[in-house]
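Thank you all for coming. Please have a look at the structure on the screen, and then I will walk you through a few parts of it.

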Amino acid sequence: CPDTVGVAVTSAGEAHIHLVNSSISDNGIGLSLRGNGSAVVARCVLRDNRLGAFHAGDGTDAALCLVNTRVQGLTWYSFHRPDFLNDYIFQGFKPEVPEFKPRTREDREAAEQERIRVE
């Protein structure tokens with residue numbers, strides 16, 4: 001990977017990826033979501049990714065579905081999960097996930113304004 005951070009897997013643009021029964025370890029970032037990218041991560045282990053297991057880029061309309069997945073070490077590249085990320089976390093193997101509809105710029109801006117208002 002030419003990325004100097006050391007990203008193991010990237011979903012960008014309109015890409016959708018599935019990671020199943022995999023181990024992602026010893027990278028800068030395990031999985032990066034960019035643009036309108038989305039990912040389903042099922043029965044995986046992400047460990048010792050020094051900057052975080054997951055990253056969602058600024059301005060991202062990404063979706064992340066985690067099914068029976070373990071993270072050891074840092075979970076997010078930032079201090080907390082991005083507010084704009086559409087994510088689903090399941091403990092079962094057969095989740096029923098609603099159709100993916102990315103958040104609009106207006107939705108993200110409204111969420112950011114609400115976050116600022118609450119602080």
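Let me begin with a question: which residue in β9 is the bridge partner of V45? Before we answer, please keep in mind that what we are looking at is a predicted model. The partner turns out to be R70, and this pair belongs to a set of 3 bridges that join strand β6, residues 45–47, to β9, with the two strands running parallel.

If we now step back to the sheet around this pair, we find an open sheet of 3 strands in the order β3-β6-β9, with parallel pairing. Its edge strands are β3, residues 23–25, and β9, each of which pairs on one side only. Neighbouring strands in this sheet are turned by 10° against each other on average, if we ignore direction. As a general reminder for the newer members, strands of a sheet pair through backbone hydrogen bonds, and they may do so either parallel or antiparallel.

Let me move on to another pair of strands, β4 and β7, which are joined by 4 bridges and also run parallel. Here L31 stands opposite F54, which is in β7. All the residues of β7, 5 of the 5, are buried, so this strand is largely enclosed by the rest of the structure.

Both L31 and F54 appear again in the largest nonpolar core, which has 15 residues, and they are among those with the most contacts inside it, together with L33, A39, V41, L46 and L64. The elements that contribute two or more residues to this core are β2 (16–20), β4 (29–33), β5 (38–42), β7 (52–56) and β8 (63–67). In soluble globular proteins, nonpolar side chains tend to be buried together. To take one core residue as an example, A39, once we set aside its neighbours within four places in sequence, is in contact with H16, I17, L31, L33, A63, L64 and C65.

Finally, I would like to return to F54, and ask which residue forms an aromatic pair with F54. That residue is W76, and the pair is tilted, at 5.6 Å centre to centre and with 50° between the planes. Because F54 lies in strand β7 while W76 lies in the loop between β9 (70–72) and β10 (86–90), the pair ties together parts that are 22 residues apart in sequence. F54 is buried, with a relative accessible area of 2%, and W76 is buried as well, with a relative accessible area of 14%.

Terms used:
Residues are numbered from 1 along each chain as its sequence is written. This is a predicted model: local features need pLDDT of at least 70, side-chain atom pairs count only at pLDDT 80 or more; totals for chains, interfaces and linings use all residues. Side-chain values use heavy atoms; hydrogens and water are left out. A nonpolar core is a set of buried Ala, Val, Leu, Ile, Met, Phe, Trp, Tyr and Cys residues joined through side-chain atoms within 4.5 Å. Buried means under 20% relative accessible area, exposed over 50%, partly exposed in between (1.4 Å probe, protein chains only). Contact means heavy atoms within 4.5 Å. Two strands pair if DSSP finds at least two bridges between them. Rings of Phe, Tyr and Trp (its six-membered ring) pair if their centres lie within 6.5 Å; planes under 30 degrees apart count as stacked, over 60 as edge-to-face and the rest as tilted. Axes are lines fitted to C-alpha atoms, for helices over the stretch in contact, and angles run from 0 to 180 degrees between N-to-C directions.
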